[in-house]
Amino acid sequence: MKITLIYGQNHKGSTYHVARRLAEKLGGERKEFFLPRDFGEFCLGCTGCFMKGEENCPHYKKLLPITRAMDEADVIILASPVYVYHATGQMKAFLDHYGYRWMVHRPEEKMFTKQAVCISTAAGAGMKSTNKDMADSLFFWGVPKIYQYGVAVQATEWKGVKKGIRARIERDTDGLAEKIRSGDGKVQPGFKTKAFFFALHIFQKKGFNELDCSYWKKKGWTGRKRPWK
């Protein structure tokens, strides 16, 4: 099993420790990226990726190692601490660069067979909205199985997390790791993804973006072929 972890911060705090612990329980090969250390650019809104192709993004080459790691992974883990009830700015800036990969444009077919996990921690609250920030992109990329795990650690540093909370995190990540292992190589898109894709396959027969339409037709998706078959 190949796992790619992307952390929405440079420091190794509670979110890092929870995500890393889950990855260790899954085993296999791991690749880790820290934002903004490994990628910290903001989307410029130039629309180059949409209208001309992703290679025209001014940050394309810098982002390429993470893109390749995600494409090669069986499991993608996006981890962000809660910043004012949402994901970090670094994580948002990173995800902004993949708008062209949303199903309405040019989704990568490898995404339709993967599993993903969104992990967030906070001293108090905000995990649900933070995980949603990340899960939204994963869904629209086509990832069929997305787990969300948020935990209030009641501390600002990992060393300050109480033993009882750590024990609960251990139990929760044990259960999550088991679910992911049991689904490895078996996941299929659910009704929502299939319905959305079906609507888009009709739209892309004409569409409004020549590059997107050409991409869908080349893949055979405007006909009967689907990326999960």
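The paragraphs below lead through this predicted model, from its central sheet outward to one helix and a few notable residues.

Because the model is predicted, local features are given only where pLDDT is at least 70 and side-chain atom pairs count only at pLDDT 80 or more, whereas totals for chains, interfaces and linings use all residues. Residues are numbered from 1 along each chain as its sequence is written, and side-chain values use heavy atoms, with hydrogens and water left out.

A good place to begin is the sheet, which is open, has five strands in the order 2-1-3-4-5, and shows parallel pairing. Strand 2 (29-34) and strand 5 (145-152) stand at its edges with a single partner strand each, so one side of each has no neighbour in the sheet. Direction ignored, neighbouring strands are turned by 15 degrees against each other on average. Helices (H or I, at least four residues) and strands (E, at least two) are here DSSP runs numbered from the N terminus, and two strands pair if DSSP finds at least two bridges between them. Axes are lines fitted to C-alpha atoms, for helices over the stretch in contact, and angles run from 0 to 180 degrees between N-to-C directions.

Strand 3 (residues 75-81) and strand 4 (residues 115-122) pair in the parallel sense over seven bridges, and within this pairing Leu78 has Cys118 of strand 4 as its bridge partner. Helix 1 (residues 14-26) packs on the sheet and touches strand 1 (2-7), strand 2, strand 3, strand 4 and strand 5, while its direction makes about 150 degrees with that of strand 4; contact here means heavy atoms within 4.5 Å. Ser14, which lies in helix 1, is buried with a relative accessible area of 8%. Leaving aside neighbours within four places in sequence, Ser14 is in contact with Thr121, Val153, Glu157, Trp158 and Val161. The word buried stands for under 20% relative accessible area, exposed for over 50%, and partly exposed for what lies in between (1.4 Å probe, protein chains only).

Strand 4 deserves a closer look, since eight of its eight residues are buried and the strand is therefore largely enclosed by the rest of the structure. From this strand Gln115, Val117, Ile119 and Thr121 point one way and Ala116, Cys118, Ser120 and Ala122 the other way, all of them buried. The chain reaches strand 4 from strand 3 through helix 4, in a β-α-β crossover that is right-handed; this term applies if, with the strands pointing away from the viewer, the path from the first strand over the helix to the second runs clockwise. On to strand 5, eight bridges join it to strand 4, the two running parallel, and the bridge partner of Ala116 in strand 5 is Ile146. The chain passes from strand 4 to strand 5 through helix 5 (residues 127-141), again by a right-handed β-α-β crossover.

Helix 5 contains Leu138, which is buried with a relative accessible area of 0%. Beyond four places in sequence, Leu138 is in contact with Leu78, Ala116, Cys118, Val143 and Ile146. Met103 and Leu138 are 35 residues apart in sequence and 10 Å apart in space, C-alpha to C-alpha. Met103 is found in the loop between helix 4 (89-96) and strand 4 and counts as buried at 0% relative accessibility. Not counting residues up to four places away in sequence, Met103 touches residues including Phe112, Phe139, Phe140 and Trp216.

Trp216 leads on to helix 8 (residues 210-219), whose buried residues are Asp212, Cys213 and Trp216. Seen down the axis of helix 8, these fall within an arc of 100 degrees, so they line one face of the helix, the arc being that of the directions from the helix axis to the C-beta atoms. The face turned away from this buried side carries the exposed residues Glu210 and Lys218, while the cover over the buried residues includes helix 2 (48-51) and helix 7 (191-203). Just after helix 8, Gly220 takes a positive phi of about 85 degrees.

Some local backbone features remain. A cis peptide bond with omega of about 10 degrees joins Leu35 and Pro36, and Pro36 is found in the loop between strand 2 and helix 2. Thr47 lies in the loop between strand 2 and helix 2 and, although not glycine, has a positive phi near 65 degrees.
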